[in-house]
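Reader: I work at the bench and want a close look at one part of this model. Please keep it brisk, and give me the cut-offs as you go.

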Amino acid sequence: MIDDKDILLIEEPKLTASERLFLPQIFDGMGTTIRHFFKSLVGTPMTVQYPEVQREQRLENYRGVHRLNRDEQGRVACVACFMCATACPANCIHIEGAESPWPDREKYPTRFDIDELRCIYCGMCEEACPVDAIELTPGHDLVGRSREEMVFDKEELLAIYDKTKDIKPRKNPRITGYPGTGNRPGAQDEQKEKHQR
Amino acid sequence: MAEFFTSQLGVSVGLAVFALLVLLGAVSYCIYFERKISAFVQDRYGPNRVGPFGIFQPVADGGKFVFKEDVIPGHVDKPLFLLAPCITFLVGFIVFAAIPWGGQWSLGGRLIEVQVANPDIGLLYILGVASVGVYGVILGSWASNNKYSFYGGMRAAAQMLSYEIPMGICILVVVITMGSLRLEEITVAQTDYWLGFIPQWNIFRYPLAFVILFVTVLAECNRTPFDVVEAEQELVGGFHTEYGALKFGMFFLAEYAHMITSSALIAVLFLGGWHFPWIPWTQLEATSWFAVLLKILVICGKISFFIFVMMWIRWTLPRFRFDQLMRLAWKGLIPITLSLFVLAVVLLYFGVERSFWYPLIGNVLVLAVALFFAARSRREVTGRQRGMPAVGGGSAGRTVSMGIPG
Amino acid sequence: MAKITIDNKEVECRDGITVLQAALEAGWDIPHYCYHPGLSIVASCRLCLMEMQMPHPKTGEMDWAPKLLPSCQTPVKDGMVVRFNSETVKKNQRDCMEFFLLNHPLDCPVCDQAGECYLQDYSYRFGRAESRMVDQKTVNPKKDIGPRPLLYSDRCVICSRCVRFTREISGTFELHVTQRGSRSEIDVFPGRPLDNPVQGNVVDICPVGALLDKDFLFKKRAWEFRPANSICPGCARGCSIRIDQDEDVVYRLKPRYNPKVNDWWICDEGRFGYKYIHDESRVKGPILRRGQSVTRLLWEEIPDILRFRFQEHVEKHGGDKVAAVLSPFMACEEAWLLGRFIREMAPQAALAMGPVPLEDEDQRFPVGAKGEAVKFEISKEKCPNRRGVEAILEQAGGTVLAFEDFIEKAGADAFSAAWIVGGYPKPWLEKAVAKKLSGKSELLVVQDIFPNDLMAEATFVLPACSWAEREGCFMNIDGLIQPFDWAIHPPDGVKRDGQYLFEIAGYTGLYSGKRVRELMAATMPAFAEVLAAPQLAAHAH
Amino acid sequence: MSWKAIDRISPVIEKDAPPLLSEVVRGKIRSFFPRYETKRAALLPALHIVQDALGHVPYQAMVEIAELLEIHPSDVLDTVSFYTHFWTHPKGERVITVCRSISCEVMGGAGVLEELKKQLSIGEHETTPDGRYSLVTEECLAGCDHAPCLLINEKLHKRVRPQDVAKILADQDNDRLDVPRSTLFDAREEGEAPAAAKQQSTFMEGRGTKE
Amino acid sequence: MAFEPVLLKNVGVEGSRTIRVYESRGGYQALRKTLKMTPDEVVEEVKKANLRGRGGAGFPAGVKWGFLPKDRKRTLLCVNGDESEPPTFSNRVLMEHDPHQLIEGSIIAGYATQSQVAYIYLRVEFHEVFHILQRAIDEAYAAGYLGRNILGSGYSLDCYIHRGAGAYVCGEETGLIESIEGKRGWPRIKPPFPAVEGLFRLPTVVNNVETLSNLPHIMERGADWFTSIGPPHSTGPKLFCVSGPVKRPGCYEEAMTITCRELVERADLGGGMLDGRKIKGVLPGGVSMGILTPDELDMKMDFADPANYGLLGLGTAAAVVIDQGTDIRSVLRNVTHFFATESCGQCTQCREGTAWMDKVAHRMERQGGRHEDADLLLETARNMGMMPGLSICGLSDGATYPIETIVKKYRDELEAAIAAQPEGRVQEVLQAVN
C-alpha cells in the first residue's frame, strides 16, 4: 500500500489557447511525417535489409543468447546450484544436478536447459550465478524452426561459449560491481582498504 | 450490337464492369501504397520482396486471402456472419455508380455521360447506400458472438450516426448552393471562373465545409484517428476479430473502396470533379475521347490525393478516445456545420449563393467564432479527471472511466 | 502454569519446560542449534543465551545474573524475568555466528540444505558479511557413514543432535563425536555404519548441511518445493508427514511434528516408501471389457454405466450375488462412498476388507525399550487404514465377511458381481487367490494402482491413485482419525479415487474429504472432527 | 581437498579373526567392574589394560572391549579418540613424551625436542623404523621444577639438556622406574613385550591439517 | 621469617611415602580424632576454617559439602589429581612424597560427606605417582584405614585410583566425572551440580588433592589455627610453585601473604633469576590466569588481589618466570596452542575460538603478523567469554585471560615485532602455513 504522504500531487500545466485547439500540433506532426516520407522516397530509408545487409557494430552490453562457460580444464563451470533458475523471472531454466565425476567439485549439471523463447533476457541469471558460469552474450540472431529447437541444452550452451570465448560480455558495472566480486576495476583495492580500517 | 456499345446503357454497363475491375485493382494497390507510405514515413522500406519495389505484393496478399482456410468459428451466427462482409463489400462498390468520371463523351454523334448512372438524386443515392455500409459492420460484430467484436459494432453504430450528421449538413450546404442533387450538374456548375481565372470550386466558397467533410469522411471510413471501431489494442480488431481469409479480405477491400468513393465524392463536391482549370481538354465543352480520358485522369488524380492525405494522417495522428471522438462530432462539427448551413440559406435568400466573397467571408466568420469558443472551452484535455492524483493513485473511490461513453 | 517475563512481556507457559521452549512457543524466534525438543539438552551451541534474573547467592533477592545463561537449559520458574532483546545477547549471537562460520566451507550453492539451513538463516540475521579469519580453514572430510545419510564434516557445527538421536531415540548408538576441540567430528565406528530403521531422521534434525540424504542428494533445491501435509501410509501408525513435491514429482517425505503419534520422527520405510507412485507400470485410464473387445472409457460416462450395469445385474441375479472388497489402503471417505454405492445398489450385498499386510511384530525405539520409554514405534500392520475401513464396514451393517471367507464363498460361486479394490504398493493378490476368484464374476470391477491378475478378466478396470494424489483421512492403530491432503496430480488419464467414487455414489460436484466427512458424521459422529497435527513449529526442525 | 567421501562403511576388522584380548586381559578388565556403578565406567581402565598388553588399541580390541562392557563400539571409539594417551595404531616400544609447557619451553625444551628428532630421524608423532621409539609431545608433564623434562614410557627424565639426549637414548634402562611398579593395569604375560610398530605412521589417521 | 611447612613437612624425609614413617610423624591421628566427631561437626569445622579450594577456582570446600542433599543414600567422593595446568606440580609433589596425607584427607572428607567410595582421578602422565599412591592405598587398606568399618567406627570407604588418559578438561569437576564414567571428558551443564547429581547420577563431591591434604591438619589443629594463617579471605597454608629460569625452581609452602616478587626472588623461595637473566614477565597462577609484567610483581598471591592486575584469579598459584630472552610471541603461541589442543570442543566459542587464536598466534610467531591481529586477538578473546563466561566450563575463560593480558601488556613489543617483519612476509606465511 502506498502511503498518502508518498503520493505526489502534480497540477496539470495550463494549456494556452493555441495548444487547446491542437491544430498547430497536428500540422506540426503532419509536417514531420511528410518530411520523413519524402526523405525516404528520395533517399534511402534508415533501416537495412537484414539478413542481406548486416550492420557492423559490436553491442557490448546487449543481452542476447546465453552461454555456459567452461573452466580452465574445459569442463562446464556450472555447479548446478539452481541460483539462476531461482532468480529467473520467466522460469525458463531447467537444471538437473548430480554428483560430479571430478575430484575437486561436488556437484555439476547433468542437464542444463534454457528455453530461449521463454527467456526475457533480463540478465538476472548472470547476476545470480556464484561462479560466473552463465553469461549473456551479445548474440542476437537467434532462430529456430520449432519450439523444441529453441530449448538450448547444455551442449548447445557450451558450444556457444566455444564460439564466443573471446568476447567478454560487459555486465552493468553498477549492478555487478558490488564489493566482493572483484569484477570492478579497483574493487580489490577497496577491499584491502576496508580490511586495514 | 455496336449500337449498344455506343448507347448510354452500353457505356454505363461497360463502365460499371471496367470500374469494378479497376477499382478492385486500385483497392489492392491502395493497400500496397498504404504499406509503402507507412514505411516511408517511418524510414523503412516497406514491401519490396515480391516483384520490383514489391509491386506484386497485392497479388500475393490477394492470393493469400483467397487460398487461406476459410474458418467459421463454431459460436457465430452463421448466416449473418457470412452476410456481413458481403454487404460491406457490395456497398463499398456500388457507390461508384453515381460518380461522374469524365463529363460528356461524344460517341457516335451522341453525347453520352461518362457515368454508370446519373440519377436525379445522385447525392441521396450515395448517402443512402453508403450508410448501409455500417450494417455490414454491425452485422459482423453481432454475428461474431464475441464481446470485443460487439463493442466494435456498437462503437461503429454510434460513430456512424454521429458523423453522418455533420457530413450530411456539409453536403446539404453544397446542394443548396448548387441547387442540384445530380453530381454531374454539381460538377458542371463548378467549371466557371471568378475574375476569369479562379475556378468556381466549392472549396473556395466553403473551405470550412470542405475540411469538415473530409474529417467526417475519415470517420465514416473508420480511418485513423477515428478507427476506434477496430482498435486493435483495445478490441483485438473489433468487428472483424472472428473473420479470416476471404471474408476478412472483403472487409479489408471494402474499407479501401470506401476511401476511394469518399474521396471521389469530396472531389466532385468541392474540387470540381473532373474539372481542371485552364486546361481546355478538361473543360465542359471538350467531349472527345481524349478529353474524357484526361478528365478521368484528373478526377483520379484528385482521388489519389485525398487517399494519400488519409494515409498520411493515419501514420501521423494517434487514435481518439471514444468520448473525445463523440465530443468532436456533437460539440464541434455539428454546430459549425449548422452555422454554415444557415449561412448558405441566408446567401440563397439574398441570391448571392454562388458568389465568391460572401460565402468565403461567412466561412471565415464562422471559423473565427468556432475557434474563439474552442480556445475558451474549459474542458479537460487529458484523460484524467479533476482531482485525480497523478502519481500512485491508490486512493479509494476514484475510478478512471474507460473509452466507452456512459 | 508458570508466568515468566520475556522482554517486558508477560508470558504464560507450561510448567517444566525450559525458557527457550517457552519463548519459542510465545513467538520469539530464539536461535539455537543443539537444542531439540525431542532430545536431551547439552547447551553446547551457546546461541540461545539470554539475560536472566536469578536469586542473588548472598541476599537471595532476584537480580540480573552476572552472565548470560543458556535458555535451553534453564527451566521456567514462576516470576522469572529474562531478556532476549538486549545488546549483550545480540552481541553474543553475532560473535557466535562468527565462530560457527570460521571453518564453514560456505558452499551453500552446492549444499542441499541451503534454503532450510539454520546456519544460513542465523548468518543472515546475526552474521558478519566477511570473515575476519585470514588463515586457512580447517577442512574436515566428507564421510560415507551409512546407506542413507552422507556426512559432510566440514559443514558440521557439532551440535551433537544426531549423536543424541542415535543414543536416545533409535537406541542404536552408531554415531559419536570423535577427536576433541576444533578437530571434533561426527563419526561412526568403521565398519559399523549408521544403519537403523529410523536413520533418516538424523538428516532432518541436522540444523546445517552436514548430514544429507543420499537418496535426495543434489535432486532439488529446498525452496522449489510446494509441500502438502499428509499422513504416511506405510504402516498403521499413521505418522504425520509433509510431502515435498514440485511439478507433480515427489522428491522426499519429511516428518511433521505430531505429539500424539510420531513426535518429530518417521521411519525410513515410510520415508523412502513413496517411490512406487512414480512407477511406469501403473494402471492408467479406465477400461471397459466386453467379451474380447476392450474400450477405453471416458471418465464422464463411468458413473452412469456402472450404476446401470449394477442395477441391471441386481435385477437379474438378485442383490445377494453382489460383493465388494474394500482395501485398507482406501481413505475412510472412499471406503464409505463405495460402501454406500454398493449398499444402494444391493442392500444384501456382501462387504469385505482386503488382506492386511502384516509383519512379525512392532518395532519400538529406542531399541529394546518397553512401556513409557518407547519414543517411537513402527506398527507391524503395513497399511494405513485397517481400523477406518473396519469401522465403516461395521457401520454399513449387513453381510460383512472376512477376506478369507469372501474368497471361500467367491470360489463357491456365491457372487456374480464384485467390486475389488487394491491400492497396495506391493503385489497383494496371491496367484492362488486370483485363480480362485477368476471366472466367477459376470460383472467384475477391479480398482488398483498396479496391474493384478484379476484385471485380465475384469469388466471394468479403474485406476487407483496413490495416497499422495488423494485426499481424505486415515484412522490409525490408536483410532486417531487424521486427515491428509493431496500433494500431486494423478498421472494423465487417472482421476482421483475420491472424485469418481463420489460421482458413482450419486453426488455431484467436487469431492472433498471434508464434505464427505460431513455426510459420514450423520451416522458416524467420530468423523465429525478429525485430528489436525499442529502446524510444524519453526523450532521443531 | 577431495570431494571423495571417506568410506566408513566397509569393515576394518577381518572376519573370523581370532579374539585379540587374552583371557588374562579380559579377567583384568572384569576385575575393575566392581569398582564402579556401571560397567561402562571401566572403559578407561580397560583401555589402559589393553594398551599395556597390545601396545595400542586396535579397532578389533575396541569391539571386544565394547562387547565386554556391553556398549557400542562407537562409544569406545568416542572415548578413545578424545584422550591423547591412547594409540589406535602400533606405537614404538618406548614412547618419548616431550613436555612443551611454557616453563619447559622457556628452559629450552624445544631444543631437546629438535635434538631428539635429529637423533631418531623422526618427527613428532612418528615411530622409528625399528619400532623402538615413538616421539610425541605433551602439553605439560607437571615436572616444571625440573624443566625441561621428558617421559620415556613411565620414567620422567628431568632437566634434560640437548647434549644429554644421546646419553639418554643410549641408556638401555632409560625407561626403568626407581619405584616399585604397581601391576594394577598390567596385563602383560611374563616376558612378553608389547607389539612394536613395524612402520612409521602418523599420529591420527585421516588428518593432516592440524599441528 | 621462614614459614613452618605443614603440608610439605614430610617432604624430604626418608621413607615419607610409607605408612610407617607417616604414622611415626603423627599421621592418621587426625583421622582417629575425626571419626569420633559426627560428620556434621566435621563439615562445620571445615566451614569454619574457610578452606577454599586449591584447584583454582577457590570455592570453599565446606560450603560445597553443604550442597549435598540431606536425604541422599549414596555419596561419592572424587579426588581431583588431574593436575594438568602448566606449570603446576604441587599436587605431584604432595602425592609423590606424602601419599598418606592425601589418603587421610580423603578419608576425612569421605567421612564428612558420608561417601562410600573415593575415586582418586590421577592424570596418566603421573606414572610414578600412580605406583606410589597405589602402594600407599594398599598399605592403608592393610592398616584398616580404608575398607570396611574403618578403625571400628562403622564407617566404610573404598578408595580407587582412576587413571585419566591425557585431557586437561578432565580437571574440571564435571569433565572428571564424565571421564570416570568412561565417557569423553565433556563437562556437564550445571545445574544440576555434582553435589546433587554427579558421578553415576549420585551426589558427588569433587575436591582437589591439595584441598584434601589440608584436612588432616585442620582436624588436628583446629579451624582457628587454620584461619590464623594468611589474610581472612585466603586462610591456611598454600603451596606455591615456581619454575622457569630461577635459581630454585620448586614447590614451596607459604601463607597467602607473599607477593609474586617474593615468590620469585626470595632466597628461600625462587631465589632470584638464573644466570643474571632479566624478568620479562611472570605467569603467576598457571597459564590460564594471565601474565604480570616486572612492574606488577608486587601482586599478593591470595584469592583477591590478582583481579586488581587484570588476572582471572589465583589459579594454582604456580608461577612461571619468563626471561627477557624469550620472544613474547612464542609465549603467546605456547599458550594458545595449549588451549587449542585441550579445548574439549563442546561450546562453540571455545572450540572455534581457541583454534582460531592458535592459528593467529602461530602465524605471528612465524613473522606473519598483521597490524590488526592484536585487536583481533583481544576482541576474539572477549567474544569467547571473559569472565563471567559464556561457556559450560571455565576453560574458555581461562584461555582468554593470558591472551588478553599478554596482548594488552606487551602490545608495544608485539607491534614492534610486526613492524620489523620483512615486506611481503605476511602473504608468504599465509601461503606457507595454510
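Author: Buried means under 20% relative accessible area, exposed over 50%, and partly exposed in between (1.4 Å probe, protein chains only). The model is predicted: local features need pLDDT (the predictor's confidence in each residue, from 0 to 100) of at least 70, side-chain atom pairs count only at pLDDT 80 or more, and totals for chains, interfaces and linings use all residues. Residues are numbered from 1 along each chain as written, chains are lettered from A and ligands numbered from 1 in written order, and side-chain values use heavy atoms, without hydrogens or water.

Start with Tyr28(E). Its relative accessible area is 0%, so Tyr28(E) is buried. Tyr28(E) sits in the loop joining helix H1 (19-24) to helix H2 (29-36) of chain E. Helices (H or I, at least four residues) and strands (E, at least two) are DSSP runs, numbered from the N terminus. Beyond neighbours within four places in sequence, the contacts of Tyr28(E) include Ile19(E), Tyr22(E), His100(E), Ile107(E) and Tyr145(E). Contact means heavy atoms within 4.5 Å. Ala374(E) lies 346 residues away along the chain, and 54 Å separates the two C-alpha atoms.

For a second buried site, turn to helix H10 (residues 403-411) of chain C. Phe403(C), Phe406(C), Ile407(C) and Ala410(C) are buried there. They line one face of the helix, because they fall within an arc of 100° seen down its axis. That arc uses directions from the helix axis to the C-beta atoms. Exposed Glu404(C) and Glu408(C) are on the face turned away. The buried residues of H10(C) pack against several elements of chain C, among them strand S17 (322-326) and helix H11 (431-437). Just after H10(C), Asp413(C) has a positive phi of about 60°.
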